[in-house]
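This report goes through a single chain model, from its loops to its sheet, helix packing and core. The sequence and the coordinates come first.

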Amino acid sequence: LQESVGKLSIKPFFAGVFGRPATKVENLKRAAEHAIIDIKDILFIGDGMGDVQAAKEYGCQFIGISNRYNKWTTESFPLLHSIAELPKFLNIK
């Protein structure tokens with residue numbers, strides 16, 4: 001994960017990058033503690049039911065990304081078809 005973030009040149013946009021062996025819920029907790037932010041201010045973006053469950057269990061917001069594997073079309077959470085849609089979804093200019 002660290003290598004991917006480095007190769008994509010996006011590391012400066014993150015206060016921390018967390019992955020395995022911790023669980024998704026443990027990583028959400030670490031991210032909140034690292035950034036000293038409230039759970040309600042965390043937005044988890046994912047493409048799997050494990051991501052949905054982790055966000056629900058931790059109590060943070062979730063946005064799903066539809067793909068050919070999950071085949072999400074209408075879900076109980078906001079849904080993007082591409083990460084490129086995120087700024088528009090968040091009303092960022």
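## Loop between H1 and H2

Gly19 sits in the loop that links helix H1 (2-7) to H2; helices (H or I, at least four residues) and strands (E, at least two) are DSSP runs, numbered from the N terminus. The model is predicted, so local features need pLDDT of at least 70 and side-chain atom pairs count only at pLDDT 80 or more, while totals for chains, interfaces and linings use all residues. Residues are numbered from 1 along each chain as its sequence is written, and side-chain values use heavy atoms, with hydrogens and water left out.

With a relative accessibility of 23%, Gly19 is classed as partly exposed; buried means under 20% relative accessible area, exposed over 50%, and partly exposed in between (1.4 Å probe, protein chains only). Gly19 and Gln2 are 17 residues apart in sequence, and their C-alpha atoms are 8.7 Å apart in space. Not counting residues up to four places away in sequence, Gly19 touches Leu1 and Asn27, where contact means heavy atoms within 4.5 Å.

Asn27 itself belongs to helix H2 and is buried, at 10% relative accessibility. Leaving aside neighbours within four places in sequence, Asn27 is in contact with Phe18, Gly19, Arg20 and Ala22.

Pro21 is also in the loop between H1 and H2, and the peptide bond that joins Arg20 and Pro21 is cis, with omega about 15°. Most residues other than glycine have a negative phi, and most peptide bonds are trans. Two non-glycine residues with positive phi are listed below.

| Residue | Phi | Location | Relative accessible area |
|---|---|---|---|
| Ser9 | near 60° | loop between H1 and H2 | 53%, exposed |
| Lys71 | near 55° | loop between E2 and E3 | 65%, exposed |

## Sheet

The strands form an open sheet of 3, in the order E1-E2-E3, with parallel pairing; two strands pair if DSSP finds at least two bridges between them. Strand E1 (43-46) and strand E3 (79-80) are at the edges with a single partner strand each, so one side of each has no neighbour in the sheet.

E1 and strand E2 (residues 61-65) run parallel and are joined by 4 bridges. Across this pair, Phe44 stands opposite Phe62, Ile45 has Ile63 as its bridge partner, and Gly46 stands opposite Gly64. The covered face of E1 holds Phe44 and Gly46, and the uncovered face holds Leu43 and Ile45. In E2, 4 of the 5 residues are buried, so this strand is largely enclosed by the rest of the structure.

Pro78 is located in the loop between E2 and E3 and is partly exposed, with a relative accessible area of 33%. Not counting residues up to four places away in sequence, Pro78 touches Phe62, Ile63, Gly64 and Phe89. From C-alpha to C-alpha, Pro78 and Arg30 are 24 Å apart in space, and they are 48 residues apart in sequence.

## Helix packing

H2 and H3 pack with their axes 9 Å apart and at an angle of about 50°. Axes are lines fitted to C-alpha atoms, for helices over the stretch in contact, and angles run from 0 to 180 degrees between N-to-C directions. H2 and H3 are therefore oblique to each other; angles under 35 degrees count as roughly parallel, over 145 as roughly antiparallel, 65 to 115 as roughly perpendicular and the rest as oblique.

The contact involves Lys24, Val25, Leu28, Lys29 and Ala32 on the H2 side, and Gly50, Asp51, Ala54, Ala55, Glu57 and Tyr58 on the H3 side.

## Nonpolar core

The largest nonpolar core has 12 residues: Leu28, Ala32, Ile42, Phe44, Val52, Ala54, Ala55, Tyr58, Cys60, Phe62, Trp72 and Phe77. Such a core is a set of buried Ala, Val, Leu, Ile, Met, Phe, Trp, Tyr and Cys residues joined through side-chain atoms within 4.5 Å. Helix H2 (24-35) and helix H3 (49-58) are the elements that give two or more residues to this core, and H3 supplies the largest share, 4 residues.

One core member is Ile42. Not counting residues up to four places away in sequence, Ile42 touches Leu28, Ala32, Ile37, Tyr58, Cys60 and Gln61.
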